[in-house]
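Student: I have a model open on my screen and I'd like to learn how to read its side-chain contacts. Can we walk through it together?

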Amino acid sequence: MSFVNIPLEHKQAALQELSGIKEQFAARHWFPGTSGNLSLRVGDYTPENFHFAITASGKDKSVSTPSDFLFVDQDGRPCETTGLKPSAETLIHCEIYRETGCGAVFHVHTVFNNLVSEYFGEQGEVPIQGLELIKAFNIWEENAAITIPVLPNYAEIPKIAELVSGVLNQSIPGILLRGHGIYAWGQNAFEAKRHLEAFEFIFEYIYRDLLLRK
């Protein structure tokens with residue numbers, strides 16, 4: 001499906017949903033210094049052809065304006081004539097959509113996800129076992145153990161994007177960038193939000209647990 005064939009009401013609904021989520025996350029202080037980005041896919045999907053709305057670069061996410069979002073294609077190129085620039089990390093969103101076919105990708109910077117990603121950075125993954133919030137990822141076995149990949153935070157975004165397919169685990173909907181933040185995704189915005197909230201709880205738990213053990 002070409003972008004022009006996606007019904008206008010579907011595009012408007014995506015922007016409205018993203019705006020509401022942006023407000024919720026901003027209230028939690030998850031977008032310090034204009035950081036972070038949110039995206040929501042619209043229209044049909046194939047790995048070679050898809051479109052999504054994404055936050056515009058350099059915007060204060062604690063306020064809502066008509067220029068908060070724009071639509072881009074599978075290569076991160078704007079679908080419409082606009083003076084807006086997509087978030088710097090749009091190519092990472094592109095790779096996650098391409099690899100998973102998911103419906104939404106959320107990326108935030110928090111103190112806890114930065115500290116945990118740095119602590120486990122050399123290991124390349126964050127090990128987690130036995131926490132109740134693992135069930136948020138539809139993993140239900142008792143004392144379940146998972147790992148969250150940690151990628152290096154290169155200055156060149158394409159260099160990070162090309163690593164995504166090599167570490168992405170279809171059953172674990174998240175990837176950390178070391179000293180940077182978390183990318184979480186889901187089949188829709190509700191699921192991506194649930195996954196992100198679970199990851200953030202887990203990161204805070206890990207940090208506080210490490211403190212208690214010292």
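**Reading side-chain contacts**

Tutor: Let's start with a charge over a ring: Lys159 lies over the face of Tyr154, 4.2 Å from the ring centre. Keep in mind as we go that this is a predicted model.

Student: Which ring does Lys61 lie over?

Tutor: That one is Phe31, with Lys61 over its face at 5.7 Å from the ring centre.

Student: Okay, now salt bridges. What's the general idea?

Tutor: Side chains of opposite charge can pair when their charged atoms come close. For the case here, the structure holds twelve salt bridges.

Student: Which residue does Lys22 pair with, and how far apart are the closest N and O atoms?

Tutor: Lys22 pairs with Asp68, and their closest N and O atoms are 3.6 Å apart. Lys22 sits in helix α1 (residues 8-27) while Asp68 is in the loop between β2 (49-55) and β3 (69-73), so this salt bridge ties together parts that are 46 residues apart in sequence.

Student: Is Lys22 buried or exposed? And how about Asp68, buried or exposed?

Tutor: The cut-off you need is that buried means under 20% relative accessible area. Lys22 comes out at 1%, so it is buried. Asp68 has 5% relative accessibility, so it counts as buried too.

Student: What does Arg28 do? I see Glu197 by it in the viewer, and I'd like the N to O figure.

Tutor: The side chains of Arg28 and Glu197 meet in a salt bridge, 2.8 Å from N to O. This pair links distant parts of the chain: Arg28 belongs to the loop between α1 and β1 (37-46), Glu197 belongs to helix α6 (residues 189-213), and they are 169 residues apart. As for accessibility, Arg28 is partly exposed at 36%, and Glu197 is partly exposed at 27%.

Student: Which residues are linked with Arg28 in a network of salt bridges?

Tutor: Lys193 and Glu197 are linked with Arg28 in that network.

Student: Could you give me another pair to practise on?

Tutor: Try Arg178 and Glu118, a salt bridge whose closest N and O atoms are 3.1 Å apart. Arg178 is in the loop between β7 (174-177) and β8 (181-186), and Glu118 is in helix α3 (residues 111-119), so to speak a link between distant parts of the chain, 60 residues apart.

Student: And what are the accessibility values for Arg178 and Glu118?

Tutor: Arg178 has 24% relative accessibility and counts as partly exposed. Glu118 is partly exposed as well, with a relative accessible area of 40%.

Student: Let's move to aromatics. How do I read a ring pair, and how many are there?

Tutor: Look at two things, the distance between ring centres and the angle between planes; planes under 30 degrees apart count as stacked, over 60 as edge-to-face and the rest as tilted. The count here comes to twelve aromatic pairs. Take Phe3 and Phe71: the ring centres are 5.3 Å apart and the planes lie at 50 degrees, so the pair is tilted. Phe3 comes from the segment before α1 and Phe71 from strand β3, 68 residues apart. Phe3 is buried at 8% relative accessibility, and Phe71 is buried at 7%.

Student: How are the rings of Phe25 and Trp30 arranged?

Tutor: Their centres are 5.0 Å apart with planes at 50 degrees, so this pair is tilted. Phe25 is buried with a relative accessible area of 0%, and Trp30 counts as buried at 11%. Phe25 and Trp30 belong to one aromatic cluster with Phe31 and Phe106.

Student: Last topic: which residues does the UniProt "binding site" annotation cover?

Tutor: According to the unreviewed UniProt entry, it covers His107 and His109. In the model, His107 lies in strand β4 (residues 104-108) and is buried, at 0% relative accessible area. His109 is in the loop between β4 and α3, and is buried at 16%.

Student: What polar contacts do the side chains of His107 and His109 make?

Tutor: The His107 side chain makes a polar contact with the Glu89 side chain at 3.4 Å. Another polar contact, of 3.1 Å, joins the side chains of His109 and His107.

Student: And what does each of them touch beyond its sequence neighbours?

Tutor: Setting aside residues up to four places away in sequence, His107 touches residues including Phe31, Glu89, His93 and His180. On the same basis, the residues touched by His109 include Trp30, Asn114 and His180.

Conventions. Residues numbered from 1 in each chain as written. Predicted model: local features only at pLDDT ≥ 70, side-chain atom pairs only at ≥ 80, totals over all residues. Heavy atoms only, no water. Salt bridge = Lys/Arg side-chain N within 4 Å of Asp/Glu carboxyl O. Helix = DSSP H or I, 4+ residues; strand = E, 2+ residues; numbered from the N terminus. Buried < 20%, exposed > 50% of the residue type's maximum accessible area, 1.4 Å probe, protein only. Phe/Tyr/Trp six-rings, centres within 6.5 Å; stacked < 30°, edge-to-face > 60°. Lys NZ or Arg CZ within 6 Å of the ring centre and 35° of its normal. UniProt positions renumbered as here; feature names shortened; annotations may be inferred. Contact = heavy atoms within 4.5 Å. Polar contact = N/O pair within 3.5 Å; in protein donor to acceptor, adjacent residues only side chain to side chain.
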